[in-house]
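Here is an informal walk through one protein chain. Have the structure open while you read.

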Amino acid sequence: MKRLSFSTFVVLFVSWPIMAGAQQPDLIFATKDFSRYCTNDNTGAFSCADLSPVESPYWSDVAVGDLDGDTRPDVVIANSAFANVLCLNDGNWSFASCVGIGSGSNNTTGVALGDLDSDGDLDVVFANQNEENRLCLNDGAASFTCDVVNADRNYTNGVAVGDLDGLLGPDLVFANQLSQDRVCLNDGAGAFSCGDVDTGVYVAYDVTMGDLDGVNGLDLVFATTSSGANGLVCLNNGAASFTCTGFGIIGKPVAVAVAELDGVNGPDMIFAIANNWRPLVCLNDGAASFTCADMSSDKNDSYDVALADINGDGTIDAIIANWGSANRRCLNDGTGVFTCSNISADTLATKAVATIPPWHFNDDFESGDTTRWSSTVP
């Protein structure tokens with residue numbers, strides 16, 4: 001959901017700006033009953049089909065990354081009532097098996113990937129409701145050892161991964177409902193010390209990261225529904241201490257993504273708004289002050305948003321995941337103005353969407369591209 005930068009093993013931003021004429025990103029949706037994948041014809045038009053052989057009415061989130069080191073994107077699907085699921089990719093959108101990951105049902109509402117123990121492979125972190133959030137460390141071959149992040153037992157709705165203090169690798173932030181949001185700093189080996197983001201108590205549904213003011217590293221954006229803080233921006237002092245400011249988004253923002261949308265002044269934001277309302281585009285003035293407007297005239301029960309250049313014109317577009325209506329692709333004219341249309345004729349109950357970079361699920365990973373990557377690390 002942000003611009004690309006690279007570490008040794010992880011591609012660090014989620015929106016995939018692709019050169020014109022190159023292969024464009026595909027999509028994966030966590031929907032009620034089955035997950036769906038949509039292949040891109042490289043113009044931003046998609047063909048969709050069922051992905052997972054595992055059926056569940058409780059899929060809640062999805063993350064994509066190379067978990068077993070074979071250069072193909074694998075899929076982790078979060079489940080709010082049953083076991084979370086790992087699906088390893090054997091090429092051409094084919095998955096030999098999908099297996100449970102973690103310890104049974106954990107009321108999971110969010111999932112993110114990152115190299116959290118500094119061993120060069122992607123690990124998995126799950127956000128859980130009324131249970132401890134859990135970290136699953138990867139042995140490099142997609143075999144995981146799972147434990148709690150810490151003793152917190154909050155009503156957690158979302159998680160983001162990124163280096164917030166510039167020290168010992170990716171840190172964690174958890175979006176909590178009716179308790180303080182939490183920041184957990186990494187010791188470099190996958191052990192975390194956690195504290196409050198600030199003193200406020202919000203109904204936070206989602207969190208993401210981006211350098212919003214151009215100084216002091218990654219800042220935080222929460223999708224919140226609270227008096228005076230319908231949407232929350234928390235600016236980093238460089239040492240993972242935050243100053244938070246709410247702003248008055250209309251409606252119920254439940255997801256947020258960050259990327260450069262208008263070509264000026266640094267990362268902008270898009271909020272997905274639930275309860276039959278319009279997604280919101282918030283453009284940055286360069287100092288983390290935002291001017292917001294409706295993305296389009298669409299009114300849907302939107303649950304998630306992902307950002308990527310899906311039609312190869314060099315600008316970042318938006319994918320909106322909707323509950324009970326068609327998912328939408330919104331093409332950017334380069335100034336942060338969007339034109340939206342249906343991704344497919346599907347009318348699904350969709351909870352989450354992830355973009356898949358241009359080498360996607362087939363056996364066409366570009367020559368020389370051997371970096372492990374994640375769709376969730378900012």
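What follows goes from the whole chain to its disulfides, its salt bridges and one asparagine.

This is a predicted model, where local features need pLDDT of at least 70 and side-chain atom pairs count only at pLDDT 80 or more, while totals for chains, interfaces and linings use all residues. Residues are numbered from 1 along each chain as its sequence is written, and side-chain values use heavy atoms, with hydrogens and water left out.

**The chain as a whole**

The protein chain has 28 strands and zero helices; both are DSSP runs numbered from the N terminus, with at least four residues for a helix (H or I) and at least two for a strand (E). Of its 378 residues, 60% count as buried. Buried here is under 20% relative accessible area, exposed is over 50%, and partly exposed is in between (1.4 Å probe, protein chains only). About 13100 Å² of the chain is exposed, and carbon and sulfur atoms supply 49% of that; the areas come from the Shrake-Rupley method with a 1.4 Å probe, and for residues only the protein chains shown count as cover. As for contacts (heavy atoms within 4.5 Å), take those between residues at least 6 apart in sequence: 47% of them join residues at least 24 apart.

**Disulfides**

A search of the whole structure turns up seven disulfides, each being a pair of cysteine sulfur atoms within 2.5 Å. Three of the pairs are set out below.

| Pair | S to S distance | Torsion about the S-S bond |
|---|---|---|
| Cys 87 and Cys 98 | 2.0 Å | 120°, right-handed |
| Cys 136 and Cys 146 | 2.1 Å | 110°, right-handed |
| Cys 234 and Cys 244 | 2.1 Å | about 110°, right-handed |

The last of these pairs links Cys 234 in strand E18 with Cys 244 in strand E19 (residues 242-246), 10 residues apart. Cys 234 is buried, at 0% relative accessible area. Both Cys 87 and Cys 98 are buried too. In the remaining pair, Cys 136 is buried at 1%, whereas Cys 146 is partly exposed at 24%.

**Salt bridges**

How many salt bridges does a search of the whole structure find? There are eight, counting a side-chain nitrogen of Lys or Arg within 4 Å of a carboxyl oxygen of Asp or Glu.

Arg 278 and Asp 294 meet at 2.6 Å, N to O. Arg 278 sits in the loop between strand E21 (268-274) and strand E22 (280-284) and Asp 294 in strand E23 (residues 290-294), so this pair ties together parts 16 residues apart in sequence. Arg 278 is buried at 18%, while Asp 294 is partly exposed at 38%.

Asp 298 pairs with Arg 328, with the closest N and O atoms 2.7 Å apart. Here the loop between E23 and strand E24 (302-308) is tied to strand E26 (residues 328-332), because Asp 298 lies in the former and Arg 328 in the latter, 30 residues apart in sequence. Asp 298 is buried at 14%, and Arg 328 is buried at 15%. Elsewhere, salt bridges that share partners join Arg 36, Asp 50 and Asp 346 into one network.

**Asn 230**

Asn 230 is found in the loop between strand E17 (219-224) and strand E18 (232-236). Is Asn 230 buried or exposed? With 14% relative accessibility, Asn 230 counts as buried. Its side chain reaches the backbone nitrogen of Ser 226 at 3.1 Å and the backbone oxygen of Ile 249 at 2.8 Å. Those are polar contacts: N or O atoms within 3.5 Å, where within protein one must be able to donate a hydrogen and the other to accept it, and residues adjacent in sequence count only if both atoms are side-chain atoms. Leaving out residues up to four places away in sequence, Asn 230 touches several residues, including Thr 224, Phe 247 and Pro 253.
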